[in-house]
Amino acid sequence: MRLSRAFLPTLKETPADAQIASHRLMLRAGLVRQTSAGIYAWLPAGLRVLRRVEQIVREEQDRAGAQEILMPTIQSADLWRESGRYDDYGKEMLRITDRHDRDMLFGPTNEEMVTDIFKTYARSYRDLPRNLYHIQWKFRDEVRPRFGVMRGREFLMKDAYSFDATQDGARHSYRQMFLAYLRTFQRLGLTAVPMRADTGPIGGDLSHEFIILADTGESGVFYDATYETTDWAGTDVATDDVAGLEAFFNGVTASYAATDEMHDAAAWSQVPQDRRREGRGIEVGHIFYFGTKYSAAMGLTLPGPDGTTVVPEMGSYGIGVSRLVGALIEANHDEAGIKWPDAVAPWAATILNLRVGDAATDAMCEQLYAALGDEAVYDDRGSRAGEKFADADLMGFPWQAIIGPRGAAAGKVELKRRATGERVEVSFEEAIAKIRGG
Ligand code: 5CA
């Protein structure tokens with residue numbers, strides 16, 4: 001992408017109404033544009049990050065055996081009347097009437113719809129277990145949308161739903177998602193701590209929130225420092241290994257971690273003093289095991305073995321995909337701007353041409369741009385070097401390839417690593433290798 005032709009708008013001024021760093025930076029770096037309270041348009045750079053986060057979430061869901069579908073945003077109120085949640089959900093639900101006076105709604109979550117779809121096709125207990133997920137926009141008419149995409153009204157969620165024949169099976173499905181979540185957040189470069197949680201309007205008796213530590217988070221958190229150093233991605237427990245996964249889950253959850261709502265002072269006092277961590281956090285994922293709440297209410301019953309009847313045991317598993325973009329910036333920024341981790345950066349590098357119009361400089365920049373293709377943005381604008389550096393720091397490309405007449409003459413590229421500020425002078429080939437290597 002050539003900056004002279006791109007739609008990558010940056011703002012110099014700090015937007016007045018943005019209270020936290022990620023919100024300010026998302027607006028200043030031109031990632032999103034607010035179109036109504038809590039509703040955002042995603043601009044090219046923001047959309048690329050959103051898609052990368054989505055793809056990592058998808059890969060880990062697939063790896064855990066969940067299957068992707070896509071359900072609509074607009075749902076019929078009748079489904080929600082069946083489960084009894086149409087009245088319970090209150091003002092958070094955006095209710096719509098169509099031209100035939102039928103009650104519709106913009107989905108805040110999909111337990112009812114997925115139960116109805118599964119009911120249509122499942123013939124017997126042999127169709128269990130199954131786990132279906134989708135990545136789709138949700139709407140919740142939050143009383144106080146704030147902090148940009150962190151607490152929006154329209155937001156992108158990954159929501160998965162598991163169906164099992166037995167409680168033990170459902171607990172295994174829950175643990176499969178638990179492991180998938182730890183792996184997902186680690187791949188995103190985030191320290192996410194699983195905490196016992198309240199089940200709220202989703203219902204059920206087993207639930208964990210996955211919380212990223214950040215001073216600007218909305219929940220107070222208490223946890224054992226062990227969580228800061230554990231390598232989940234390195235765990236080799238297979239997703240179908242029932243006993244292995246149970247042992248893994250019990251091992252992880254043996255260490256203390258709770259939000260202020262679930263905090264237990266007596267258990268906390270058992271954690272060695274030097275391992276107690278208190279702070280604030282952002283909820284990026286939430287998983288629930290709620291048994292037969294929806295299957296029973298919505299008539300999902302299947303013939304079981306030997307003339308028995310099975311009412312599937314269900315769980316649901318959410319990740320705030322658009323919220324994660326904000327959370328990633330909270331965890332990776334400085335005064336000058338965003339410091340994208342390699343895994344989600346919109347582009348791996350920006351090429352900064354310090355003397356547009358100088359034949360040797362232009363030629364070297366063009367050559368590097370041709371080699372990197374879609375992985376680089378080329379700042380070919382005629383603006384001052386200072387402005388180019390400021391925009392590059394603000395937009396947070398992991399690498400800046402800085403090329404001026406002196407370097408071009410010597411066949412050298414100056415590479416700056418945004419995360420550390422480190423600069424090295426390298427050959428053209430080395431620059432490509434380093435940028436590709438992350
Ligand atoms: N049905 C369940 C699981 S699929 C459910 O809806 N869970 S939830 O309410 O906890 O939402 C799942 C995740 O969506 C949350 O962990 C959070 O990361 C994200 N989320 C929830 N509300 C918002 C919001 N207003 N703005 C941005 N993200 C949100």
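# A guided look at the ligand shell and its surroundings

Guide: Welcome! In this predicted model, the shell around the ligand is made up of 8 nonpolar, 7 polar and 7 charged residues.

Visitor: What makes a residue part of the group around the ligand, and which ones come nearest?

Guide: A residue is near the ligand if one of its heavy atoms lies within 4 Å of it. There are 22 residues around the ligand, and Thr109, Glu111, Arg140, Gly152 and Glu283 come nearest.

Visitor: Which strands supply at least two residues of that shell?

Guide: Strand 8 (154-164), strand 13 (276-291) and strand 16 (313-320) each do so. Strand 13 gives the largest share, with 5 residues.

Visitor: What makes the pair between Thr109 and the ligand a polar contact?

Guide: The cut-off for a pair of N or O atoms is 3.5 Å. A polar side-chain atom of Thr109 lies 2.7 Å from a nitrogen atom of the ligand, so this pair is within the limit and counts as a polar contact. His286 also brings a polar side-chain atom, 3.3 Å from an oxygen atom of the ligand. In the case of Gly320, a polar backbone atom is 3.3 Å from an oxygen atom of the ligand.

Visitor: How much of the ligand does the protein bury?

Guide: The protein buries 95% of the 600 Å² that the ligand exposes when taken alone.

Visitor: Where does the ligand sit, and how do you know that?

Guide: The ligand sits in the largest pocket. To be said to sit there, a molecule must have more than half of its atoms within 2 Å of the pocket's grid points.

Visitor: Let us turn to single residues. Why is Met71 called buried?

Guide: Buried means under 20% relative accessible area. Met71 is at 2% relative accessibility, so Met71 counts as buried. Its place is in the loop between strand 3 (67-68) and strand 4 (74-76). Along the chain, Met71 and Ile135 are 64 residues apart, while their C-alpha atoms are separated by 8.7 Å.

Visitor: Why does Arg85 count as buried?

Guide: The value for Arg85 is 2% relative accessibility, and the limit is under 20%, so Arg85 counts as buried. Arg85 belongs to helix 4 (residues 85-88).

Visitor: What joins the side chains of Arg85 and Tyr294?

Guide: Those two side chains are joined by a polar contact of 3.2 Å, and the cut-off is 3.5 Å.

Visitor: Why does Gly38 count as buried?

Guide: Gly38 is at 6% relative accessibility, so Gly38 counts as buried. This residue lies in the loop between strand 1 (32-36) and strand 2 (39-42). Gly38 and Phe155 are 117 residues apart in sequence, yet 8.7 Å apart in space, C-alpha to C-alpha.

Visitor: And why is Ile39 called buried?

Guide: Ile39 has a relative accessible area of 16%; with the limit at under 20%, Ile39 is therefore buried. Ile39 lies in strand 2, and its C-alpha atom is separated by 9.0 Å from that of Pro145, 106 residues apart along the chain.

Visitor: What makes helix 10 mostly covered?

Guide: In helix 10 (residues 321-331), 10 of the 11 residues are buried. Among them are Val321, Arg323, Leu328 and Glu330.

Visitor: Now for the other side of the scale. Why does Asp101 count as exposed?

Guide: Exposed means over 50% relative accessible area. Asp101 is at 63% relative accessibility, so Asp101 counts as exposed. You will find Asp101 in the loop between strand 5 (94-97) and strand 6 (103-106). Its phi is near 65°, a positive value in a residue other than glycine.

Visitor: Why is Asp306 called exposed?

Guide: Asp306 has a relative accessible area of 80%, and the limit is over 50%, so Asp306 is exposed. Asp306 is placed in the loop between strand 14 (302-303) and strand 15 (309-310). Phi of Asp306 is near 50°, a positive value in a residue other than glycine.

Visitor: Why does Asp168 count as exposed?

Guide: Asp168 is at 63% relative accessibility, so Asp168 counts as exposed. Its place is in helix 6 (residues 167-187). The C-alpha atoms of Asp168 and Ala363 are separated by 64 Å, with their positions 195 residues apart along the chain.

Visitor: Which residues does a cis peptide bond join?

Guide: Leu128 and Pro129, with omega at about -5°. Pro129 lies in the loop between helix 5 (111-121) and strand 7 (130-139).

Methods. Residues are numbered from 1 along each chain as its sequence is written. This is a predicted model: local features need pLDDT of at least 70, side-chain atom pairs count only at pLDDT 80 or more; totals for chains, interfaces and linings use all residues. Side-chain values use heavy atoms; hydrogens and water are left out. A polar contact is a pair of N or O atoms within 3.5 Å; within protein, one must be able to donate a hydrogen and the other to accept it, and residues adjacent in sequence count only if both atoms are side-chain atoms. Accessible areas come from the Shrake-Rupley method with a 1.4 Å probe; for residues, only the protein chains shown count as cover. On a 1 Å grid over the protein atoms alone, a cavity is a set of points where a 1.4 Å probe fits but cannot get out, and a pocket is an open set with protein on both sides within 12 Å along at least five of seven lines; lining residues have an atom within 4 Å of a point. Helices (H or I, at least four residues) and strands (E, at least two) are DSSP runs, numbered from the N terminus. Ala, Val, Leu, Ile, Met, Phe, Trp, Tyr, Cys and Pro count as nonpolar, Asp, Glu, Lys and Arg as charged, and the others, Gly among them, as polar. Buried means under 20% relative accessible area, exposed over 50%, partly exposed in between (1.4 Å probe, protein chains only).
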